[in-house]
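Biologist: Before we discuss any labels, could you put the model on the screen, so that each term can be traced back to its value?

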Amino acid sequence: MLHVLFLIPSQINQIFKRVCREAGVKTNLVTGCNTHMTKHTFVTRAIESGMSLLTISKLVGTSVRELEKTYAHVLDKFMKVELEGLRKHLKNSKIIAFPKEKKAIS
């Protein structure tokens, strides 16, 4: 069974600042690391790893629609990679007949 610990944002910020301070990392909104930056990094990496937007939305507490708007640039790049993988899979499995590639005439 998955156990999830829910913390309020102020608790997370306090813990984050303490851990960063102990690690010698600056924490401020302009030049240092902050919880918003870590959330953005987490969501970006989760999308890139193939995690579903529904799962991500539940983990970070935002709607799928908001994720789609905010991370559209990541989704577009990831979609191209996924589509290329599907194209290769279909071509190799002979499920769909792809026309032979024409050789360029020099």
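Modeller: Here is the predicted model, and we can begin with one helix pair: α2 and α3 pack with their axes 10 Å apart, at an angle of about 160 degrees.

Biologist: What makes α2 and α3 roughly antiparallel to each other?

Modeller: The angle between them is about 160 degrees, and angles over 145 degrees count as roughly antiparallel, so α2 and α3 are given that description. The crossing in which α2 passes α3 is right-handed.

Biologist: Which residues of α2 and α3 meet there?

Modeller: From α2 come K39, F42, V43, A46 and I47, and they meet L53, I56, L59 and V60 of α3. By class, the residues of this contact between α2 and α3 divide into 8 nonpolar, no polar and 1 charged.

Biologist: How do you know that α2 is roughly parallel to α5?

Modeller: Helix α2, residues 35-49, and helix α5, residues 72-93, have axes that cross at roughly 20 degrees and come within 9 Å. Angles under 35 degrees count as roughly parallel, and therefore α2 is called roughly parallel to α5. The crossing of α2 and α5 is right-handed.

Biologist: Which residues bring α2 and α5 together, and of what classes are they?

Modeller: On the α2 side T44, I47 and E48 take part, meeting V74, L75 and F78 on the α5 side. The contact of α2 with α5 has 4 nonpolar, 1 polar and 1 charged residues.

Biologist: Turning to a single residue, why is S57 called buried?

Modeller: S57, which is found in helix α3, residues 53-60, has a relative accessibility of 6%; since buried means under 20%, S57 counts as buried.

Biologist: What surrounds S57, leaving aside residues up to four places away in sequence?

Modeller: With those set aside, S57 touches T62, S63, V64 and L67. In addition, a polar atom of the S57 side chain lies 2.7 Å from the backbone oxygen of L54, a distance to be set against the 3.5 Å limit for a polar contact.

Biologist: What makes the pattern of the protein chain α-α-α-α-α?

Modeller: The secondary structure comes to 5 helices and 0 strands, and reading along the sequence gives that pattern. For the protein chain of 106 residues, buried residues make up 16%. Of the contacts between residues at least 6 apart in sequence, 25% join residues at least 24 apart.

Note on methods: Residues are numbered from 1 along each chain as its sequence is written. This is a predicted model: local features need pLDDT of at least 70, side-chain atom pairs count only at pLDDT 80 or more; totals for chains, interfaces and linings use all residues. Side-chain values use heavy atoms; hydrogens and water are left out. Axes are lines fitted to C-alpha atoms, for helices over the stretch in contact, and angles run from 0 to 180 degrees between N-to-C directions. Helices (H or I, at least four residues) and strands (E, at least two) are DSSP runs, numbered from the N terminus. Angles under 35 degrees count as roughly parallel, over 145 as roughly antiparallel, 65 to 115 as roughly perpendicular and the rest as oblique. A crossing is left-handed if the near helix is turned anticlockwise from the far one by less than a right angle, and right-handed if clockwise. Contact means heavy atoms within 4.5 Å. Ala, Val, Leu, Ile, Met, Phe, Trp, Tyr, Cys and Pro count as nonpolar, Asp, Glu, Lys and Arg as charged, and the others, Gly among them, as polar. Buried means under 20% relative accessible area, exposed over 50%, partly exposed in between (1.4 Å probe, protein chains only). A polar contact is a pair of N or O atoms within 3.5 Å; within protein, one must be able to donate a hydrogen and the other to accept it, and residues adjacent in sequence count only if both atoms are side-chain atoms.
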